[in-house]
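Let's take a walk through a protein chain together. Have a look at the sequence and the fold below, and then read on.

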Amino acid sequence: MLKKFYNKITIKQKRWIIGTIAVVVLICGIGLLYGLSKRDAILQRAIASAKQKAESQYNVDLKIQYYGFRGLSTVVFKNVFVTPKGKDQLAQIDDFAVSVRLWPLLFGDVKIGLIEMENARFTLVKRDSVVNNYDFLFKKNKQDSTPTPKAEKNLAALADGLLKKVFFKIPRNMDVRNFEISFKDDSTYQQLKVPRAEIAGGDIDAALYLNGDEGRWHVMGHVNPDAQELNLKLASEKKNTEFPFLRSKFGIRMSFDEIQFDLQKVNRKGKELLTLRGDWQFKNLNVHHWRLSDQDINIPEATLEGGVDIGAQSIELVKESKVKVKDFEFSPQAKYVHKPEKIVALSIHTGRFEAQKLFDAIPKGLFESLEGVQVQGNIQYDLDFEVNLKKPDQLTFVSKIDDQELKVQKWGKADINKLNGPFVYTAYEGDKVMREITVGPQNPNFATYDRISNYMRTTLLNTEDPFFFKHNGFQEEAFKLSIVTNIKERKFKRGASTISMQLVKNVFLNRNKTLVRKLEEIMLVWLMESSKQVSKQRMYEVYLNVIEWGNNVYGITEAARYYFGKTPAEITLGESLFLSSIVPKPKKGLYSFEYTGHLKENVYRYFSTYGNIMVKTGQLARDTTVANYGFYTVSLQPNLRPHRPAGLEVDSLQGLDVDIDAEQEDKIRELELQEKEKRGLFDKIFDKKPPVER
């Protein structure tokens, strides 16, 4: 192509082109010679400026015994010391050399060409949990106090700028020998040593040693800084070696056999869209943190493939993204919109797959109760979730599972079938075991379903789980209400537990409040309900016999005798409404009574709410309203009643101004909020048929 072009141009044009090139080369040569003659002075000024800035802005003493040029563009340093004034020395480097690439420099890009380093020590010291020698690294530069309008943040541009900063600092060639970094405080010492680290023609080869020979990792891979491509593989030479600093800093214990990261492509479409494509691979990853699980979580093998699209105000997984754990894989779709309003969206559509692959993929130690479960059949799961964090009431939440073919062939540690016969239930208070209770006819306190008052069975359903006999373990509207409420309150204020979920939690799961326990609870409830191996009536019967109703009061028989001196069959409507009201906070049940044994007036609102609901749904006759749903007939056992107020001579409530302490007032407010939320829930689902016991 160039030869044809050269043959077509005239001799005059050839002379003009050659002359122009000669002039450009001459100018560059003169500039280069001038730069070389001045470079020592420029370097001296740069070093002097760096020292002055370190002292004035960061209160750091920077000492360099020798510095100078080697060759055309390489600067060498010897015996460099960095010491914050009045604190421990941070860094000492015996020999250091760095060069920048000249051609990119002509276009304003400072790209590293070479790094050489030998005998470098960085020591991070923190004394008395407060004083440290590295805080200046995070100190912000002093800015002009004059307020300036903030520029609109462009997430794509920010990510692009960060990528360039990282890759511009990765050299084409690197040779590091005997580099170490350590952290020391009043109780911890961790040292990570790099005996060698090389980059030659883009190929990476390095070794990492933790605390002498405590752990060893080998780093391999390839990097192309110009194309912004990076492939790294970090492999451990020893099994179960914890990665350093994570436990002391975050309480996380993590080990792995191999982690591989591959950034395959960076694609820019203007300033509004940046696409990153690549994948992560893990082999034998072990993670432990008390908020996740009380056991080590082990992932034998997992792959995350795909990438992200980063827009001006959004981050989104590319459509081809895929998560694979063992033989189970799915393609999630996730998106976060930052502006104009914050929106979070997640969709999962698995298509039909073999159910056993899901259970085989669950990391060991994550769901202890499900380990060993064997199932048969194909299932499909579909989830569509989207929420505007400023307008949570517009929540989209649709969760569906097609599990008609699913059959449980073998249960794991939690054998749901034990609910069908007598078993021993362990009652806890926090982590403390209170006592063991036999759930079955061997226990004289066990009440069969037909020996429990219909009022009791009906009222508790309305307060705890109105559609228990109709749903499959989960109430979608309750989930929506829980999510909306918690977003509005900006904290966990409301759950969405059904009776099925409470039963599984109490009978089969431990009391450790971890993030994954709720997921374990959901999975176990799903299996229990879909298998239909335990009837709804039996579930409810067990639930009524194990839940707490007061201080060391468990089951409906103990509750009826403790509060009213009755059997479960003798409980009235009013007594049932009271017992139902205290299930969320059973130890505070006695606060609802006056010294006369009658209920306080503020509890009447609760009776009115649920009494009206039961009349409206046809569960109570309308003439029941005449008796105020039994509110005034509830009478507490004499031995449990609070003391008579001093100076009061008659057992009468007329004219009595009852003082309510702060704790009781909080309970009343919470009760009113629960009533309001549950009324809203009933309004949404009221077009459904009334709950019917089966």
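The paragraphs that follow go from the whole chain to a few chosen places in it.

Please keep in mind from the start that this is a predicted model. The mean pLDDT of the chain is 82, and 81% of its residues reach 70 or more. Two stretches call for some care. In residues 23–36 the pLDDT is below 50, and this stretch has two contacts in the model beyond near neighbours in sequence. Residues 650–665 also have a pLDDT below 50, but here the model shows 20 contacts beyond near neighbours in sequence. Where pLDDT is low, the predicted coordinates should not be read in detail.

Now for the overall picture. The chain has 694 residues, of which 42% are buried, and it holds 15 helices and 28 strands. If you count the contacts with a separation of 6 or more, 59% of them come from residues 24 or more positions apart. On the outside, the chain exposes about 39,300 Å², with carbon and sulfur atoms supplying 54% of that area.

Let's go inside next. Which residues touch the most other members of the largest nonpolar core? This core has 135 residues, and the ones in question are Leu419, Leu527, Tyr540, Trp549, Leu579 and Phe607. Phenylalanine 607 is a good one to click on. Leaving aside neighbours within four places in sequence, Phe607 is in contact with Gly574, Leu577, Phe578 and Leu599, and also with Asn628, Tyr629, Gly630, Phe631 and Val634. Another core lies apart from the largest one; it is made of eight residues, including Ile348, Val387, Phe397 and Val484.

Helix 4 is our next stop. This helix covers residues 155–168, 14 residues in total, and spans 20 Å from its first C-alpha to its last, close to the 20 Å expected at 1.5 Å a residue. At its N-terminal end, asparagine 154 acts as a cap: a side-chain oxygen of this residue lies 3.0 Å from the backbone nitrogen of alanine 156. The buried residues of helix 4 are Leu155, Ala156, Ala159, Asp160, Leu163, Phe167 and Phe168. To make sense of such a pattern, recall that an α-helix has 3.6 residues a turn, so residues three or four places apart point the same way.

One name in that list may catch your eye: aspartate 160, which lies in helix 4. Why does aspartate 160 count as buried? Its relative accessibility is 16%, and aspartate 160 counts as buried because the cut-off is under 20%. Beyond its neighbours within four places in sequence, aspartate 160 is in contact with Arg268 and Leu274.

Finally, a few details of the backbone. Lysine 339 and proline 340 are joined by a cis peptide bond, with omega at about 5 degrees. You will find proline 340 in the loop between strand 18 (333–337) and strand 19 (343–349).

Two asparagines are worth a look as well. Asparagine 79, in strand 2 (residues 74–84), has a positive phi of about 55 degrees although it is not a glycine. Asparagine 178, in strand 6 (residues 173–184), also has a positive phi, near 60 degrees. Are these side chains buried or exposed, or something in between? Asparagine 79 is partly exposed, with a relative accessible area of 23%, and asparagine 178 is partly exposed at 26%.

Key:
Residues are numbered from 1 along each chain as its sequence is written. This is a predicted model: local features need pLDDT of at least 70, side-chain atom pairs count only at pLDDT 80 or more; totals for chains, interfaces and linings use all residues. Side-chain values use heavy atoms; hydrogens and water are left out. pLDDT is the predictor's confidence in each residue, from 0 to 100. Contact means heavy atoms within 4.5 Å. A nonpolar core is a set of buried Ala, Val, Leu, Ile, Met, Phe, Trp, Tyr and Cys residues joined through side-chain atoms within 4.5 Å. Buried means under 20% relative accessible area, exposed over 50%, partly exposed in between (1.4 Å probe, protein chains only). Helices (H or I, at least four residues) and strands (E, at least two) are DSSP runs, numbered from the N terminus. The expected span of a helix is 1.5 Å times one less than its number of residues. A polar contact is a pair of N or O atoms within 3.5 Å; within protein, one must be able to donate a hydrogen and the other to accept it, and residues adjacent in sequence count only if both atoms are side-chain atoms. Accessible areas come from the Shrake-Rupley method with a 1.4 Å probe; for residues, only the protein chains shown count as cover.
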